[in-house]
Amino acid sequence: MIITIDGPAGTGKSTVSRAVAQRLGFDFLDTGAMYRAVGVEAMRRGVDLDDQPALGEVAAACTVDFDWSVQPPGVLLNGRNVDHLLRSAAATHAASKIAVVPAVRQRMVELQRRIGRQRPNLVTEGRDQGSVVFPDAELKVYLDATPQERARRRTRQLQQRGEQADEREILEQIIIRDRRDSTRAAAPLTVPDGAVVIDTTPLTEEQVIQMVVDLANQRRRMGRGQ
């Protein structure tokens, strides 16, 4: 069973996906980490992050995979673990630049589908997993929340890390990113056909996790003809 969890930034996709995968005994595919890894490679090569043809060449020339022998799986860029490089502000900025490049997205779809064939029990999260990468997934979920709630969550997350955070500024960034993700030419953010939409605004993290686990177990029982 492949479970896709899509939605805009700040809806808790990564946290929910990791927890759902753990409870079901599935693998977790962090697609955001894949874009960050390509961003790291682009920076290593000194590529201009506004040069879309060059970014496409970088993506075509590198392989991003995971070390599934550890939990959480380590991100492998051309066979080397790059986990320690992926959470920097520079990697985040680079990922936001390359994520809108059609050639980069095409390459990531290819690699993600390869992983889906190799890891048949998979929870994968992103913005195009149920709509583009795995349109035939057994369970497709779309997490949503108001921009205000997502900004509040992100602010709290940063403050818990001891970082400065301006909620109004974060809200503005979220609105801009939503617009960019929804209007980009390549794999725009959209609710996948047949997806279960969950508005997480009034829900706790645990409630959302349990809802997805329950949905998955229901689909598994249906698949067995029970």
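This briefing walks through helix packing, a few buried residues and some backbone details of the structure above. Please keep in mind that the model is predicted. Two helix pairs come up below, α1 with α9 and α2 with α3. After them come the aromatic pair of Phe66 and Trp68, and then a cis peptide bond from Gln71 to Pro72.

**How α1 and α9 pack**

- Two packed helices are described by the angle between their axes and the distance between the axes.
- Helix α1 covers residues 13-24 and helix α9 covers residues 205-223; their axes lie 9 Å apart and make an angle of about 45 degrees.
- That angle falls outside the 65 to 115 degree range for roughly perpendicular and is not under 35 degrees, so α1 and α9 are oblique to each other.
- The crossing of α1 past α9 is right-handed.
- On the α1 side, the residues in the contact are Thr15, Val16, Ala19, Val20, Arg23 and Leu24. They meet a set of α9 residues that includes Glu205, Glu206, Val208, Ile209 and Gln210. Further along α9, Val212, Val213, Ala216, Asn217 and Arg220 also take part.
- Sorted by class, the contact of α1 with α9 holds 9 nonpolar, 3 polar and 4 charged residues.

**How α2 and α3 pack**

- Helix α2 (residues 31-44) packs on α3 at an angle of about 115 degrees, and the two axes are 10 Å apart.
- The range for roughly perpendicular runs from 65 to 115 degrees, and α2 and α3 are therefore roughly perpendicular to each other.
- Here, too, the crossing is right-handed.
- From α2, the contact draws on Val38, Glu41 and Ala42, while α3 brings in Leu55, Val58 and Ala59.
- By class, this contact of α2 with α3 has 5 nonpolar residues, no polar ones and 1 charged residue.
- Ala54 also sits in helix α3, which spans residues 52-61. With a relative accessibility of 16%, Ala54 counts as buried.
- Ala54 and Ala21 are 33 residues apart in sequence, and their C-alpha atoms are 35 Å apart in space.

**Charged residues that count as buried**

- Arg107 has its place in helix α5 (residues 102-118). Its relative accessible area is 12%, so Arg107 is buried.
- Setting aside neighbours within four places in sequence, Arg107 is in contact with Ala59, Ala60, Cys62, Thr63 and Arg114. One of these partners, Ala59, also belongs to the α3 side of the contact with α2.
- Arg153 lies in helix α7 (residues 147-160). At 18% relative accessibility, under the 20% cut-off, Arg153 counts as buried.
- Not counting residues up to four places away in sequence, Arg153 touches Gly10, Thr11, Ala145, Thr200, Thr201 and Leu203.
- Asp181 is part of helix α8 (residues 167-183). A relative accessibility of 4% makes Asp181 count as buried.
- Asp181 and Pro8 are 173 residues apart in sequence, yet their C-alpha atoms are 8.1 Å apart in space.
- Leaving out neighbours within four places in sequence, the contacts of Asp181 are Arg127, Pro188 and Leu189.

**The aromatic pair**

- A pair of aromatic rings is described by the distance of the centres and the angle of the planes.
- The structure has 1 aromatic pair. It is formed by Phe66 and Trp68, whose ring centres are 5.4 Å apart and whose planes are at 45 degrees, so the pair is tilted.
- Both partners are covered: Phe66 counts as buried at 5% relative accessibility, and Trp68 is buried with a relative accessible area of 14%.

**Backbone details to look at**

- Most residues other than glycine have a negative phi, and most peptide bonds are trans.
- The peptide bond from Gln71 to Pro72 is cis, with omega near -5 degrees. Pro72 is found in the loop between β3 (64-67) and β4 (74-77).
- Asn78 is not a glycine, but its phi is positive, at about 50 degrees. Asn78 lies in the loop between β4 and β5 (80-81).
- With 40% relative accessibility, Asn78 counts as partly exposed.

Note on methods
Residues are numbered from 1 along each chain as its sequence is written. This is a predicted model: local features need pLDDT of at least 70, side-chain atom pairs count only at pLDDT 80 or more; totals for chains, interfaces and linings use all residues. Side-chain values use heavy atoms; hydrogens and water are left out. Axes are lines fitted to C-alpha atoms, for helices over the stretch in contact, and angles run from 0 to 180 degrees between N-to-C directions. Helices (H or I, at least four residues) and strands (E, at least two) are DSSP runs, numbered from the N terminus. Angles under 35 degrees count as roughly parallel, over 145 as roughly antiparallel, 65 to 115 as roughly perpendicular and the rest as oblique. A crossing is left-handed if the near helix is turned anticlockwise from the far one by less than a right angle, and right-handed if clockwise. Contact means heavy atoms within 4.5 Å. Ala, Val, Leu, Ile, Met, Phe, Trp, Tyr, Cys and Pro count as nonpolar, Asp, Glu, Lys and Arg as charged, and the others, Gly among them, as polar. Buried means under 20% relative accessible area, exposed over 50%, partly exposed in between (1.4 Å probe, protein chains only). Rings of Phe, Tyr and Trp (its six-membered ring) pair if their centres lie within 6.5 Å; planes under 30 degrees apart count as stacked, over 60 as edge-to-face and the rest as tilted.
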